[in-house]
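The exercises below are to be worked with the sequence and the coordinates at hand. Each task is followed by a solution in steps.

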Amino acid sequence: ADSEENIVLQADGFSDLLPVMVQVWDFSMSRELAQSATTLSPDNGYHKLHTIQVRPGLVLKNKERFVYLKVIFQGFEPVLRQVLVSFHQGYIFIQTDKPIYNPGDKGPDTLHLSTRLYVICLISGTWTVTAKFDNWEQNTFNSTFEVKKYVLPAFNVTLTPQKPFFSVDDSELVVTITARYLYGQPVQGKAYVMFGVKHAREKIRLRAMKQVTNVIYSNV
């Protein structure tokens with residue numbers, strides 16, 4: 001589809017109709033890319049926002065960063081201006097719901113925030129999602145995500161009683177639970193604690209179970 005570009009035209013000190021020709025040329029001034037005619041008059045105050053249709057394909061083929069805008073006011077010398085060109089005609093936003101997937105996961109990628117593409121991740125490695133429009137290289141967009149097996153980091157759980165013995169007269173048993181990864185950082189999570197009594201060779205489990213919401217330095 002053609003791209004609409006707006007150009008402001010203005011002339012001062014006129015009372016009659018003033019025909020204007022607007023042209024767009026490539027960087028070498030050897031090929032005309034677009035042309036449009038209009039008229040400045042007392043009706044528009046010799047000031048007009050003029051729209052010209054430009055075919056993006058013709059501009060992109062030049063692979064240059066600018067074109068020439070040539071405006072010809074009838075009876076006067078042409079006005080020539082160099083105009084920078086942006087090769088991006090739009091943007092595609094690609095977003096994954098998480099940066100890392102396990103092999104076999106089915107993960108959605110959101111395109112344009114409305115289209116969903118479901119990918120089954122079978123092989124570990126870095127994957128790339130590519131989306132484009134208009135078949136132009138400049139309008140190609142990418143997003144990467146990683147597929148690898150996730151292994152829970154090992155950690156140690158330590159139970160430390162408040163005192164080394166429990167008397168039959170005691171009404172409670174206070175134990176501090178500490179969980180840390182092997183590299184020293186604390187573990188965030190929940191723990192379920194169950195106590196029992198060992199008599200001779202028999203182990204008797206108490207029926208009550210205690211849930212601890214924060215296992216870092218928690219007392220039960």
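**Exercise 1.** Is Tyr-68 buried or exposed, and what is its relative accessible area? Then describe its ring pairing.

Solution. The model is a predicted one.
Step 1. The relative accessible area of Tyr-68 is 19%. The limit for buried is under 20%, so Tyr-68 counts as buried.
Step 2. The whole structure holds 5 aromatic pairs. In the pair formed by Phe-66 and Tyr-68, the ring centres are 5.8 Å apart and the planes stand at 85 degrees, so the pair is edge-to-face.
Step 3. Ring pairs also join Phe-14, Tyr-46 and Phe-76 into a cluster.

**Exercise 2.** Give the secondary structure content of the chain, its buried fraction and its exposed area.

Solution.
Step 1. The chain contains 1 helix and 17 strands.
Step 2. Of its 220 residues, 29% are buried.
Step 3. About 15,900 Å² of the chain is exposed, and 52% of this area comes from carbon and sulfur atoms.
Step 4. Among contacts with a separation of 6 or more, 48% are between residues 24 or more positions apart.

**Exercise 3.** Which residues have the most contacts inside the largest nonpolar core? Name the elements that contribute to the core as well.

Solution.
Step 1. The largest nonpolar core has 18 residues. Leu-9, Val-20, Val-22, Val-24, Leu-40 and Ile-52 have the most contacts inside it.
Step 2. Two or more residues of this core come from each of strand S1 (3-10), strand S2 (18-25), strand S3 (32-40), strand S4 (47-54) and S5.
Step 3. A second core, separate from the largest one, has 8 residues, including Ile-94, Val-129, Phe-145 and Val-147.
Step 4. For the surroundings of Leu-40, leave out neighbours within four places in sequence. The contacts of Leu-40 then include Leu-9, Val-20 and Phe-73, and also Tyr-46, His-47 and Lys-48.

**Exercise 4.** Place Phe-73 in its element and list its contacts.

Solution.
Step 1. Phe-73 belongs to strand S5, which covers residues 66-73.
Step 2. Its relative accessible area is 15%, and buried means under 20%; Phe-73 is therefore buried.
Step 3. With residues up to four places away in sequence not counted, Phe-73 touches Gln-10, Leu-18, Pro-19, Val-20, Leu-40 and Val-79.
Step 4. Phe-73 and Val-22 are separated by 51 residues in sequence, while their C-alpha atoms are 8.8 Å apart.

**Exercise 5.** Compile the location, backbone phi and burial of Met-29 and Tyr-46, then turn to Ser-41.

Solution.
Step 1. Met-29 is found in the loop between S2 and S3. Its phi is near 60 degrees, which is positive although the residue is not glycine.
Step 2. With a relative accessible area of 31%, Met-29 is partly exposed.
Step 3. Tyr-46 sits in the loop between S3 and S4. Its phi is near 55 degrees, again a positive value in a residue other than glycine.
Step 4. Tyr-46 has a relative accessible area of 7% and is buried.
Step 5. Ser-41 lies in the loop between S3 and S4. Its relative accessible area is 8%, so Ser-41 is buried.
Step 6. Apart from neighbours within four places in sequence, Ser-41 is in contact with Leu-17 and Tyr-46.

**Exercise 6.** How many salt bridges does the count give, and which residues form a nonpolar surface patch?

Solution.
Step 1. The count is 1 salt bridge.
Step 2. Lys-163 pairs with Asp-170, and the closest N and O atoms are 2.7 Å apart. The cut-off for such a pair is within 4 Å.
Step 3. Both partners are partly exposed: Lys-163 has a relative accessible area of 33%, and Asp-170 has 24%.
Step 4. Phe-155, Val-157 and Leu-159 make a nonpolar surface patch of about 280 Å².
Step 5. Phe-155 is located in strand S13, residues 155-161. At a relative accessible area of 42%, Phe-155 is partly exposed.

Methods:
Residues are numbered from 1 along each chain as its sequence is written. This is a predicted model: local features need pLDDT of at least 70, side-chain atom pairs count only at pLDDT 80 or more; totals for chains, interfaces and linings use all residues. Side-chain values use heavy atoms; hydrogens and water are left out. Helices (H or I, at least four residues) and strands (E, at least two) are DSSP runs, numbered from the N terminus. Buried means under 20% relative accessible area, exposed over 50%, partly exposed in between (1.4 Å probe, protein chains only). Contact means heavy atoms within 4.5 Å. Patches are made of residues with over 30% relative accessible area and no salt bridge: like charges are joined within 9 Å, nonpolar side chains (Val, Leu, Ile, Met, Phe, Trp, Tyr) within 5 Å. Accessible areas come from the Shrake-Rupley method with a 1.4 Å probe; for residues, only the protein chains shown count as cover. A salt bridge is a side-chain nitrogen of Lys or Arg within 4 Å of a carboxyl oxygen of Asp or Glu. A nonpolar core is a set of buried Ala, Val, Leu, Ile, Met, Phe, Trp, Tyr and Cys residues joined through side-chain atoms within 4.5 Å. Rings of Phe, Tyr and Trp (its six-membered ring) pair if their centres lie within 6.5 Å; planes under 30 degrees apart count as stacked, over 60 as edge-to-face and the rest as tilted.
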